[in-house]
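Welcome! Here are a few short exercises to help you find your way around a new structure. Keep the view open and try each task before reading its solution.

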Amino acid sequence: MTYRDTGQTEHIYLVQEPAKLPAHPPLLIYMHGAGGQEEQGMDLDWASKTFRRLRTLLWERDWVYVCPRDAEFADLTKVLREKYRPASITLAGASAGGRAALAEAGRAPQNYAGLILLCPAIRVPGDITKLAMPVWIQSATGDQPIHANTRQLVRGLERAKKRYRFIEHPGGGHDTPVREADWENALRFLHETGAGKPP
């Protein structure tokens, strides 16, 4: 699928729709990591099992699943809202995609009902006071300095009294949170704290 942003640049994304598309489906956007493209969230070789689990979960629960090539979210969400009239939009990302997702959630918090960050390659947490949505985070202790920066983000969320859940993988590496992504509990947590339809 393609769309053009306000500057008429063409952007590519992949989409999985449920067999029976509701009038107002919940929607999840997954942003891939550095070096990847839109295929990462669908069938990338090493991660195929984790994303197969996610795709099956969303298919069975009548969610729309979107994997963009690049982190142009402003016009993408506009296009998706016009096409699907979603009940809610959850934003997810891994590694550099997690950094992009966090930045976007801070830029336009009104657009998102939930945020999922897997091994987010953040340098500094940035201004998290604007985050209005619940946040699910998974990070591995062996993934330094990303894990240390993620812990700093978690401490900031705690101080700001934000709704979050942090899953720490002892001794794991950079790919561990993606391989062991707990999609079902992440979506359940986001729903229980106000985001979208239960998984």
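**Exercise 1.** Which residue is the bridge partner of Ile 29 in β4?

*Solution.* Keep in mind that this is a predicted model. Start with the strands: β3 and β4 run parallel and are joined by three bridges. Next, look across from Ile 29 into β4, where its bridge partner is Val 66. Then turn to β5, which pairs with β3 in the parallel sense over six bridges. There, Ser 88 of β5 stands opposite Pro 26.

**Exercise 2.** Work out why β3 is largely enclosed by the rest of the structure.

*Solution.* First, sort the side chains by direction: Pro 26, Leu 28 and Tyr 30 point one way from β3, while Leu 27, Ile 29 and Met 31 point the other way. Now check burial, which here means under 20% relative accessible area. Six of the six residues of β3 are buried, so the strand is largely enclosed.

**Exercise 3.** Describe how α4 is covered and what it gives to the largest nonpolar core.

*Solution.* Begin with the helix itself: α4 covers residues 96-107 and reaches 17 Å from its first C-alpha to its last, close to the 16 Å expected. Nine of its twelve residues are buried, including Ala 100, Leu 102 and Glu 104. Their cover includes β3, β5, β6 and α5. Finally, consider the largest nonpolar core, which has 30 residues; Ile 29 and Leu 115 have the most contacts inside it. α4 gives the most to this core, with four residues.

How values were computed
Residues are numbered from 1 along each chain as its sequence is written. This is a predicted model: local features need pLDDT of at least 70, side-chain atom pairs count only at pLDDT 80 or more; totals for chains, interfaces and linings use all residues. Side-chain values use heavy atoms; hydrogens and water are left out. Helices (H or I, at least four residues) and strands (E, at least two) are DSSP runs, numbered from the N terminus. The expected span of a helix is 1.5 Å times one less than its number of residues. Buried means under 20% relative accessible area, exposed over 50%, partly exposed in between (1.4 Å probe, protein chains only). Contact means heavy atoms within 4.5 Å. A nonpolar core is a set of buried Ala, Val, Leu, Ile, Met, Phe, Trp, Tyr and Cys residues joined through side-chain atoms within 4.5 Å. Two strands pair if DSSP finds at least two bridges between them.
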